[in-house]
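Visitor: I would like to go through this model and ask what stands behind each label.
Guide: Then let us take the labels one at a time.

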Amino acid sequence: MPELPEAETIVRDLRDRIVGHAVTGIAVIRPDILAPGLTRDHLDASLAGYRILAVDRRAKNIVLRFDTGRILLVNLGMTGRLVLDDSPRAAELRHVAVRFGLDDGRTLLYDDIRRFGRMELHSPESWAERDATLGTEPLSEDFTAERLFEMTRGTRVPLRNWLLDQRKVAGVGNIYANEALFRAGLHPARPAGSIDLEEAARLRDAIRNVLEEAIEARGTTFSDYRDASGEAGAYEPRLRVYGREGRPCPVCGTPLQRIVISNRSAFFCPRCQK
DNA sequence: AACGCGCCCTGTCCGC
DNA sequence: TGCGGACAGGGCGCGT
């Protein structure tokens, strides 16, 4: 997916381009990406004619706030894209699932090859409950070494898996989990509860640094990610371990390894990461 | 309760 | 050139 930096890039672009505009109508081409119970009619009745007040991000989710208090959450899954149709790349989209008409004639397209994405419609109350299921924002002031240390106590879950749990640290996915563990010198299979406070501090800093650098580069395009104009991100060449099995470690030159943890690849340097 | 696993779906790439 | 299998950045629901 689009992890936190990719969602953040889309949010910043969309914010400048759609805030203040009203949605005029909604077409749902692939209803299976709507949350259970949500229908086109429900979506249309709740959003059509109303103005977008804000575009925010929570974890990997894009959050559109309307002037009625309603909130539309878009999770991009693995291959979801939110692209405005006034960008030249929009014509390349082959799997449009939902179209949002805007009051100036533009259309916001939701495209999703694999349809792992989800759209949820929330009231302020249901949004508060949903929001509470998501963990600490890693770029917020709340995300301290002490907090990370405390959260990992008592679990034997491998660090790489622990970082993917959105109830703990929200927004980290497999690419940045692997990159952060490399930077922190921590082995992906190591039990999360085994790190000490000093290691937690390294991991906290590594997570923040890699996410911030990836946002500056407008995200990582490993294969499918595109921004709100349909353009690829520029961070992929700067990945240090993800997808680089057999290539030399950028620090010590040892060939990087790939292992499978819980059916997902983990990449690491067998010498640098303990 | 916490955790691991299989699955949702399409596209691409690799080896034969 | 074609075909089968592995694999892909996420997250849910299930069983243990």
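Guide: Buried means under 20% relative accessible area, exposed over 50%, and partly exposed in between. The model is a predicted one.

Visitor: Why is Gly173 called buried?
Guide: Gly173 has a relative accessible area of 3%. The cut-off for buried is under 20%, so Gly173 is buried.

Visitor: Where does Gly173 lie, and what does Gly173 touch?
Guide: Gly173 is in the loop between helix 5 and helix 6. Leaving out residues up to four places away in sequence, Gly173 touches Glu3, Lys60 and Leu164. From Gly173 to Phe143 the C-alpha distance is 17 Å, and the two are 30 residues apart in sequence.

Visitor: What makes Asp56 and Arg15 a salt bridge?
Guide: The closest N and O atoms of Asp56 and Arg15 are 3.6 Å apart. A salt bridge needs a side-chain nitrogen of Lys or Arg within 4 Å of a carboxyl oxygen of Asp or Glu, so the pair qualifies as a salt bridge. Asp56 lies in strand 2 (residues 52-58) and Arg15 in helix 1, so the salt bridge ties together parts that are 41 residues apart in sequence.

Visitor: Why are Asp56 and Arg15 called partly exposed?
Guide: Asp56 has a relative accessible area of 23% and Arg15 one of 34%. Partly exposed is the class between under 20% and over 50%, so both residues belong there.

Visitor: How do you know that Arg58 and Asp131 meet in a salt bridge?
Guide: Their N to O distance is 2.6 Å, and the limit is within 4 Å. Arg58 is in strand 2 and Asp131 in helix 3 (residues 124-132), 73 residues apart, and the pair links these distant parts of the chain.

Visitor: Which class of accessibility does each of Arg58 and Asp131 fall into?
Guide: Arg58, at 12% relative accessibility, counts as buried. Asp131, with a relative accessible area of 25%, is partly exposed.

Visitor: What makes Asp86 and Arg106 a salt bridge?
Guide: Their closest N and O atoms are 4.0 Å apart, and the pair is listed as a salt bridge. Asp86 lies in the loop between strand 5 (80-84) and strand 6 (96-102), and Arg106 in the loop between strand 6 and strand 7 (107-112), so the pair ties together parts that are 20 residues apart in sequence. Asp86 is partly exposed at 44% relative accessibility, whereas Arg106 is buried at 14%.

Visitor: Which residues do salt bridges join into one network?
Guide: Glu8, Arg12, Arg57, Arg58, Asp131 and Glu137 are joined by salt bridges that share partners. The whole structure has 25 salt bridges.

Visitor: How do you know that Glu179 has no salt bridge?
Guide: The nearest side chain of opposite charge to Glu179 is Arg183, 5.1 Å away. A salt bridge requires a distance within 4 Å, so Glu179 has none, although Glu179 is buried.

Visitor: What does the side chain of Glu179 reach?
Guide: The side chain of Glu179, a residue of helix 6, reaches the backbone nitrogen of Tyr242 at 2.8 Å. A polar contact is a pair of N or O atoms within 3.5 Å. Not counting residues up to four places away in sequence, Glu179 touches Val210, Arg238, Leu239, Arg240, Val241 and Tyr242.

Visitor: How does the span of helix 7 compare with the expected span?
Guide: Helix 7 (residues 197-216) has 20 residues and reaches 29 Å from first C-alpha to last, close to the 28 Å expected at 1.5 Å a residue. The buried residues of helix 7 include Leu203, Ile207, Val210 and Leu211. Helix 1 (4-18), helix 4 (145-151), helix 5 (159-164) and helix 6 (174-184) are what the buried residues of helix 7 pack against.

Visitor: What is found at the start of helix 7, and what follows the helix?
Guide: At the start, a side-chain oxygen of Asp196 comes within 3.1 Å of the backbone nitrogen of Glu198. Arg218 follows helix 7 and has a positive phi, near 65 degrees.

Visitor: What makes His95 and Thr155 polar contacts of DNA strand B?
Guide: A phosphate oxygen of the strand is 3.0 Å from a side-chain N or O atom of His95, and a phosphate oxygen is 2.6 Å from one of Thr155. The limit is within 3.5 Å, so both count as polar contacts.

Key. Residues are numbered from 1 along each chain as its sequence is written. Chains are lettered from A and ligands numbered from 1 in the order in which they are written. This is a predicted model: local features need pLDDT of at least 70, side-chain atom pairs count only at pLDDT 80 or more; totals for chains, interfaces and linings use all residues. Side-chain values use heavy atoms; hydrogens and water are left out. Helices (H or I, at least four residues) and strands (E, at least two) are DSSP runs, numbered from the N terminus. The expected span of a helix is 1.5 Å times one less than its number of residues. Buried means under 20% relative accessible area, exposed over 50%, partly exposed in between (1.4 Å probe, protein chains only). Contact means heavy atoms within 4.5 Å. A polar contact is a pair of N or O atoms within 3.5 Å; within protein, one must be able to donate a hydrogen and the other to accept it, and residues adjacent in sequence count only if both atoms are side-chain atoms. Lys and Arg count as positive and Asp and Glu as negative; His and the chain ends are not counted.
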